[in-house]
There are 4 protein chains.
Amino acid sequence: MSLTPEQKQEIEALKGQTQATRRAVVPALEEILYDAIPVLDHGFVRVIDYMGDDAAIVQAARVSYGKGTKQLREDRGLIRYLLRHRHTTPFEMCEIKYHVKLPIFVARQWIRHRTANVNEYSARYSILDKEFYVPPREQLAAQSASNRQGRGDVLEGAEAEETLRILREDAERCYADYQMLLNETSDGQTIDPNRQGLARELARMNLTLNLYTQWYWKVNLHNLLHFLSLRADPHAQYEIRVYAEAMLETLKRWVPASYEAFEDYVVGAVTFSRGALDVVQRLLAGETVDPADTGLSPREWRELMQTLGREV
Amino acid sequence: MSLTPEQKQEIEALKGQTQATRRAVVPALEEILYDAIPVLDHGFVRVIDYMGDDAAIVQAARVSYGKGTKQLREDRGLIRYLLRHRHTTPFEMCEIKYHVKLPIFVARQWIRHRTANVNEYSARYSILDKEFYVPPREQLAAQSASNRQGRGDVLEGAEAEETLRILREDAERCYADYQMLLNETSDGQTIDPNRQGLARELARMNLTLNLYTQWYWKVNLHNLLHFLSLRADPHAQYEIRVYAEAMLETLKRWVPASYEAFEDYVVGAVTFSRGALDVVQRLLAGETVDPADTGLSPREWRELMQTLGREV
Amino acid sequence: MSLTPEQKQEIEALKGQTQATRRAVVPALEEILYDAIPVLDHGFVRVIDYMGDDAAIVQAARVSYGKGTKQLREDRGLIRYLLRHRHTTPFEMCEIKYHVKLPIFVARQWIRHRTANVNEYSARYSILDKEFYVPPREQLAAQSASNRQGRGDVLEGAEAEETLRILREDAERCYADYQMLLNETSDGQTIDPNRQGLARELARMNLTLNLYTQWYWKVNLHNLLHFLSLRADPHAQYEIRVYAEAMLETLKRWVPASYEAFEDYVVGAVTFSRGALDVVQRLLAGETVDPADTGLSPREWRELMQTLGREV
Amino acid sequence: MSLTPEQKQEIEALKGQTQATRRAVVPALEEILYDAIPVLDHGFVRVIDYMGDDAAIVQAARVSYGKGTKQLREDRGLIRYLLRHRHTTPFEMCEIKYHVKLPIFVARQWIRHRTANVNEYSARYSILDKEFYVPPREQLAAQSASNRQGRGDVLEGAEAEETLRILREDAERCYADYQMLLNETSDGQTIDPNRQGLARELARMNLTLNLYTQWYWKVNLHNLLHFLSLRADPHAQYEIRVYAEAMLETLKRWVPASYEAFEDYVVGAVTFSRGALDVVQRLLAGETVDPADTGLSPREWRELMQTLGREV
């Protein structure tokens with residue numbers, strides 16, 4: 001991550017100011033407010049603003065006139081109850097706003113979550129910075145043999161070198177040509193006074209998908225939990241998962257009781273199909289179960305045995 | 001509006017607390033935070049929380065690292081530009097949460113706006129209070145003769161008396177019978193120890209649509225403006241319009257530059273159809289325009305002339 | 001359910017017409033298209049239109065140029081895979097439109113599902129029919145002692161009689177007074193020529209919540225499955241559950257492979273929390289587990305044992 | 001546009017089949033169903049399915065049991081009334097599904113419309129085709145001097161040549177390197193048996209933003225009209241506008257009365273701000289208006305004069 005001195009100064013200026021408010025305040029989140037949490041080689045996640053806390057969930061669930069909270073223990077119990085039973089609307093009463101810098105190919109996955117508010121930096125209007133993602137060596141994975149949308153072994157030796165070289169050189173050349181098309185350098189200098197320069201909205205098409213973009217992204221807690229349940233999952237692509245993991249840390253500071261319930265009832269939970277549940281019941285009854293006799297596909301059987309911690 | 005002493009105390013307790021925050025703070029809105037603004041005979045609107053201010057719109061539009069704001073005048077200009085050109089996403093970066101008490105028939109209109117977060121007081125779970133809406137005498141309107149979904153003259157004399165009597169008596173009787181069905185008085189006393197009482201989720205069906213309900217309602221600024229443009233409009237039913245008007249006052253305190261732009265470019269604006277624009281151009285060119293020669297329906301013509309401040 | 005002869009005729013007229021189309025057609029659903037499936041005492045569910053079938057899910061998942069389907073068995077496998085792994089977007093490619101007649105208190109629960117398109121019959125504009133819901137005797141349940149939003153024993157004898165009498169009489173009286181307020185009978189006759197009649201948008205507030213309303217409700221398959229998973233659930237209130245059950249039957253006709261997968265992976269599935277999974281693993285390993293030693297609440301333990309088919 | 005013989009065959013196979021349905025059918029749209037309408041150099045728009053027609057809007061607005069339509073003229077009048085008065089929900093009762101092939105930078109604008117259902121071809125799972133957009137010579141525009149997000153003069157001579165050369169060569173090289181990274185040619189041949197090949201989800205980041213992607217995109221009529229009002233607008237970028245224009249043609253076939261109303265009340269309409277309306281009224285009253293005396297910014301004044309067909 002490379003913030004310019006000017007950007008660092010702007011962030012510090014924001015952090016330096018405090019004002020009095022009658023609203024719910026979460027000191028643990030205030031501590032890191034505006035800070036750029038590094039993700040990938042040039043990206044970051046910054047919490048810009050938030051509304052509500054764990055108590056606001058309880059307050060809304062009770063439609064109360066005051067804080068709505070009783071004893072801390074009781075509130076925690078209610079939050080766990082609500083999450084366990086999919087009473088999701090009270091979680092919509094909390095809101096958080098992030099500033100995120102991320103590669104375009106990650107942004108394309110991320111934006112599929114339609115329930116957030118987004119303002120992206122416009123390459124129609126402005127010129128993008130020269131920053132592109134190159135995976136760290138340990139993430140240079142081969143295509144998985146078993147999973148058509150997963151990663152296999154890490155590339156090694158000459159192939160790894162060559163891969164990194166190609167990614168770097170193509171991104172560099174495309175960016176240099178982007179400037180050439182614009183007829184303008186990064187610091188706003190005209191390259192050739194005899195040329196006009198291609199319109200920004202056209203020149204951007206010459207950039208590669210690993211270039212970084214950035215946006216403001218605002219979401220309510222319910223939709224954030226849904227996003228994190230999919231994107232912090234081991235099946236998510238590494239490059240988006242690291243963003244989700246950084247956001248999980250902000251979640252823990254913001255709404256600790258919800259975070260804990262989320263870990264117990266969503267992240268660490270498993271769903272058993274009708275057929276899988278039947279197998280579990282038969283196993284508990286001491287039966288020896290023949291996979292062929294369960295209606296489960298071989299893959300489902302394998303996944304079930306792994307979930308149950310059994311040898312396959 | 002009738003808050004219990006306990007409710008008043010809870011509100012005062014919230015108002016009495018202030019804490020330090022690094023977030024954007026709007027003092028003019030903090031002043032009325034948590035206050036119950038009276039609407040209709042027993043309803044209210046309370047601002048419970050908010051996120052962002054006018055500057056947050058500018059900050060998001062610029063995807064900036066710091067406040068994003070420049071001079072106040074420049075920011076105001078950008079907000080006006082954004083609203084005029086329907087660049088709506090930056091307005092989604094501000095959020096507000098209300099606690100509203102409102103008659104059920106108003107709630108049924110209101111809930112049709114699907115882009116908000118809602119937690120309603122549950123009559124499946126709890127017992128509703130005995131509070132129902134009876135229109136003030138000057139709002140006891142007859143059906144409009146010209147507009148199938150509008151109001152005409154105000155009822156007078158005996159008909160007005162009779163109308164009020166019916167509304168009051170039916171609501172009272174239905175509420176008394178609701179308690180009878182529940183076998184429980186408002187203060188939780190069992191009425192007849194030999195009866196079981198009907199389940200709450202069933203007993204509620206005996207209530208009339210003018211009974212008050214309440215909810216927490218949270219919305220972003222863009223969707224709030226859309227809601228207000230429809231519900232603060234003279235064509236909206238009076239009973240929902242007064243809520244929209246109360247919320248307009250909170251808008252003015254919260255985001256004054258957006259409020260002003262909204263007044264100029266939405267509330268006070270008019271849209272001219274292709275045909276109406278043609279008429280305006282011809283009139284400005286000094287032409288005498290024959291309504292029959294415009295493609296406008298008689299009703300469209302009449303509305304156009306009124307908009308232009310001309311005799312019809 | 002009571003359709004007027006005119007309504008029956010309109011439905012028959014629609015059913016009588018067939019035209020050629022190149023779109024996907026589902027004969028089993030066409031059979032019942034437009035039919036009013038009775039629900040509760042006066043309600044119904046009618047399928048009015050649909051888009052797509054099981055094959056359309058496969059076609060979208062593969063972003064194919066043609067039908068996208070391969071062998072029937074392979075398609076079924078893909079649909080099961082998609083649902084099992086929460087790849088929900090292909091299910092959004094099918095759409096269905098219902099016409100529903102339902103009591104207002106049921107409509108108020110239903111409308112909380114915000115992801116559908118709705119056109120409700122307007123009592124601002126038109127006069128509602130005199131049809132209200134009175135529960136069948138076996139549904140006249142007392143409040144549950146253990147579950148604050150559930151039902152307990154069925155009321156009996158005099159209490160049941162009295163309950164039915166109150167519900168009927170109050171609804172009848174309120175409806176009669178609604179006409180009186182409007183100064184208009186159901187068949188459009190003025191009651192008293194010397195009165196003006198209250199505006200429709202006001203008079204409707206005198207009606208009880210068990211009166212029937214109706215709407216067109218259109219939803220995509222993904223959101224329909226979500227709706228059904230919540231509303232066909234045993235914890236849903238009986239009066240909305242019967243609608244969900246009627247819709248499940250239409251689902252079975254429309255997209256049989258999706259229906260089957262939904263039954264196996266959603267309706268019949270259970271989710272085990274992190275702690276519950278740990279208990280299952282320990283039980284399978286032959287351990288004797290002490291509830292106090294699991295981190296589960298007594299209620300969670302009880303529910304887990306029931307799910308596993310064990311004595312509590 | 002280059003469809004493979006196999007794709008053409010699949011399309012023809014779909015077009016060749018007809019079946020009987022009781023649903024609303026629109027022959028003018030059926031005629032072009034499944035056809036690939038060419039857009040840009042390799043893109044297309046195909047209508048894959050639809051639900052409803054103009055009559056379905058009327059039917060929903062009236063919540064009717066039958067077709068809901070009366071005389072054709074009356075229906076047209078109702079549709080115009082609904083659109084003019086922003087009664088948008090009946091338009092949500094029609095749905096259409098497109099298959100679209102489009103450059104990634106266009107897809108990134110398009111996806112910001114969150115109210116549609118989308119299934120995009122996955123480059124995590126599959127290998128993208130070698131097809132990228134190069135603007136036609138007459139669209140090679142320079143940056144606009146007056147509008148920071150618009151186009152100015154068309155580039156000429158050597159600069160145009162050079163621009164085209166860069167766009168082509170960079171896209172070609174990046175695509176060739178994409179294959180090299182994958183270690184796989186377009187027809188699935190391994191390039192070097194001693195290499196493993198980078199995972200697809202990573203290799204894709206080496207592609208340029210003018211590469212074509214494709215998706216299934218499904219939307220209701222109300223949201224489609226909103227999309228078209230923004231994207232068929234002269235201020236929209238040319239490369240997305242041509243898609244919107246192709247879709248306008250399908251709209252005209254599908255719902256002709258709605259199309260006509262859309263042209264009159266949205267596309268051809270103008271909105272006058274409070275201040276602009278005041279100017280119009282003063283001009284019509286014969287007043288000479290001094291721009292400085294109107295509260296309008298110079299830009300607003302200029303736009304207003306142009307709208308009114310006046311010299312500036």
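## A tour of chain A

Start by colouring chain A by charge: there are 39 positive and 45 negative side chains, and the centres of the two sets sit 5 Å apart. Keep in mind that this is a predicted model.

Now switch to cartoon and zoom out. You should find 12 helices and nine strands in chain A, with the C-alpha atoms filling a box of roughly 85 × 60 × 30 Å along the principal axes. Of the 312 residues, 58% are buried. Turn on the surface and you're looking at about 12600 Å², 47% of it from carbon and sulfur atoms.

Next, select the residues that an unreviewed UniProt entry lists under "binding site": Thr89(A), Arg112(A), His113(A), Arg114(A), Glu120(A), Asn220(A), Leu221(A), His222(A) and His226(A). Don't expect one cluster: the farthest two C-alpha atoms are 27.6 Å apart and the set spans 138 residues in sequence, so these residues do not all gather at one spot. From this set, Arg112(A) and Glu120(A) help line the largest cavity.

Centre on His113(A), in the loop between helix H5 (104-110) and strand E5 (117-120). Buried or exposed? His113(A) has 14% relative accessibility, under the 20% cut-off, so it counts as buried. Leaving out residues up to four places away in sequence, show its neighbours and you get Phe227(A), Leu230(A) and Arg231(A).

Last stop: His222(A), in helix H8 (residues 221-231). This histidine is partly exposed, with a relative accessible area of 23%. With the same sequence neighbours left out, His222(A) touches Thr88(A), Phe91(A) and Glu92(A).

How values were computed. Residues are numbered from 1 along each chain as its sequence is written. Chains are lettered from A and ligands numbered from 1 in the order in which they are written. This is a predicted model: local features need pLDDT of at least 70, side-chain atom pairs count only at pLDDT 80 or more; totals for chains, interfaces and linings use all residues. Side-chain values use heavy atoms; hydrogens and water are left out. Helices (H or I, at least four residues) and strands (E, at least two) are DSSP runs, numbered from the N terminus. Buried means under 20% relative accessible area, exposed over 50%, partly exposed in between (1.4 Å probe, protein chains only). Accessible areas come from the Shrake-Rupley method with a 1.4 Å probe; for residues, only the protein chains shown count as cover. Lys and Arg count as positive and Asp and Glu as negative; His and the chain ends are not counted. The place of a charge is taken as NZ of Lys, CZ of Arg, CG of Asp or CD of Glu. UniProt positions are given in the numbering used here, feature names are shortened, and annotations may be inferred rather than shown by experiment. On a 1 Å grid over the protein atoms alone, a cavity is a set of points where a 1.4 Å probe fits but cannot get out, and a pocket is an open set with protein on both sides within 12 Å along at least five of seven lines; lining residues have an atom within 4 Å of a point. Contact means heavy atoms within 4.5 Å.
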